[in-house]
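Grab your viewer and work through two short exercises, one on cysteines and one on a bound ligand. Try each task before you read the solution.

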Amino acid sequence: MEKRIAIIRGDGIGPEIMAQAQIVLDAVCEKFGHHFIYEEAPMGGNAVDAFGVPLPQSSLDTCLSCDAALLSAIGGPKWDSIEPSIRPEKGLLALRGGMGLYANLRPAQLFSQLADACPLRTDIAEKGIDFVVVRELIGGAYFGEHKTWTQENGETAASDLMIYREHEIRRILKVGFETAMKRRKKLCSVDKANVLDSSKLWRKLAKEIAAEYPEVELSHMYVDNCAMQLVRDPSQFDVIVTENLFGDILSDEASQITGSIGMLPSSSQGEGTRGLYEPIHGSAPDIAGKDLANPIGMILAAAMMLRYSLDMPAEADAIESAVSKVLESGLRTGDIMAPGMTQVGCKAMGQAIAEAI
Ligand code: IPM
Ligand code: MG
């Protein structure tokens, strides 16, 4: 099959890990007889340097014309003090908005081979960690009106409007319920309904939609409590569905408790099958260009892309089992290194996974 994939190489370790994902995808092509056409779509700090904007229109057009988009990570200290409207992060937000990607799925799972890397107490970790955060991605405070102004008394004030319309809440809640249906059928809707109006509306709609999914056990949790429960007993969670800002924070916490942030992929979806796939971790500028990065999160993001956007489940399985095999064989990048294992760089890890396909 021929498929077109938009490649967003990003900043920091981005280009290095993307190169390894492409080597693995090439191995998949060879094994299964596919042909992938890669279209470059610059975005982030590198795009600011080359084009003066973090997301050139041509990159958005490329992403919209491809079957799926693969993204590494963007941003870095180099662009921390530039004009806020062209920060690299703005490119990512514009891409999510422009592609209509309202649902972000971030799985958090403990890899059996890396159980020792889990920072939680053994009696907590032993109960297992395997849940998904379904984060609303193009609404709330991120996309409401941002304002900074001078008040009459001369003092500066700033505000960010956290706004949710009913249809925005309904569609993400549905993704939450559908995701739960494919898993252990437990959905925890996370909000701050004791304070925020947008959360009150969220909770009301969650209760309403629950009637369409009688098999799903729905619970509600305040976001502060959820942050606490994630470290107290993460085994209680199957699917968490929440708004944009809460999801940003909780998904970082979720990835950290697995002890393997470098291993986790995520997907962003809208209507239709075209999605954006990326590792959960950032661009790690401190180790960029040193062949130290862990490419596994990026490679598993490519597997997720095959499964969800390109309808290639066997090919996705092939990547996931190649990753397992390589971990079983004892290869580790520095971030997941443990006694008795063999430490390798980014390239050697990618190569080993490609060979295991
Ligand atoms: C993420 C990141 C982004 C976000 C930043 C880079 C804008 O933290 O994908 O979680 O907050 O959504
Ligand atoms: Mg984040």
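The ground rules come before the exercises.

This is a predicted model, where local features need pLDDT of at least 70, side-chain atom pairs count only at pLDDT 80 or more, and totals for chains, interfaces and linings use all residues. Residues are numbered from 1 along each chain as its sequence is written, chains are lettered from A and ligands numbered from 1 in the order in which they are written, and side-chain values use heavy atoms, with hydrogens and water left out.

**Exercise 1.** Work out how many disulfides the model has, then check C63 and C346.

*Solution.*
1. Set the cut-off: a disulfide is a pair of cysteine sulfur atoms within 2.5 Å.
2. Count with that rule and you get zero disulfides.
3. Look at C63: the nearest cysteine sulfur belongs to C66, 6.8 Å away, and C63 is in no disulfide.
4. Go to C346: its closest cysteine sulfur is in C29, 20 Å off, so that's too far for a bond.
5. Check accessibility, where buried means under 20% relative accessible area (1.4 Å probe, protein chains only). C63 counts as buried at 1%, and C346 counts as buried at 1% too.

**Exercise 2.** Describe the surroundings of ligand 1.

*Solution.*
1. List the residues with a heavy atom within 4 Å of the molecule: E89, R96, R106, R135, Y142 and D248.
2. Sort that shell by type: five charged, one nonpolar and no polar. Asp, Glu, Lys and Arg count as charged, while Tyr counts as nonpolar.
3. Find side-chain N or O atoms by the ligand's oxygens: Y142 has one 2.8 Å from an oxygen atom of ligand 1, and D248 has one at 2.9 Å. For R135, a polar side-chain atom lies 2.8 Å from an oxygen atom of the ligand.
4. Finish with cover: of the 320 Å² of accessible area (Shrake-Rupley method, 1.4 Å probe) that ligand 1 has on its own, the protein covers 75%.

Conventions:
Buried means under 20% relative accessible area, exposed over 50%, partly exposed in between (1.4 Å probe, protein chains only). A polar contact is a pair of N or O atoms within 3.5 Å; within protein, one must be able to donate a hydrogen and the other to accept it, and residues adjacent in sequence count only if both atoms are side-chain atoms.
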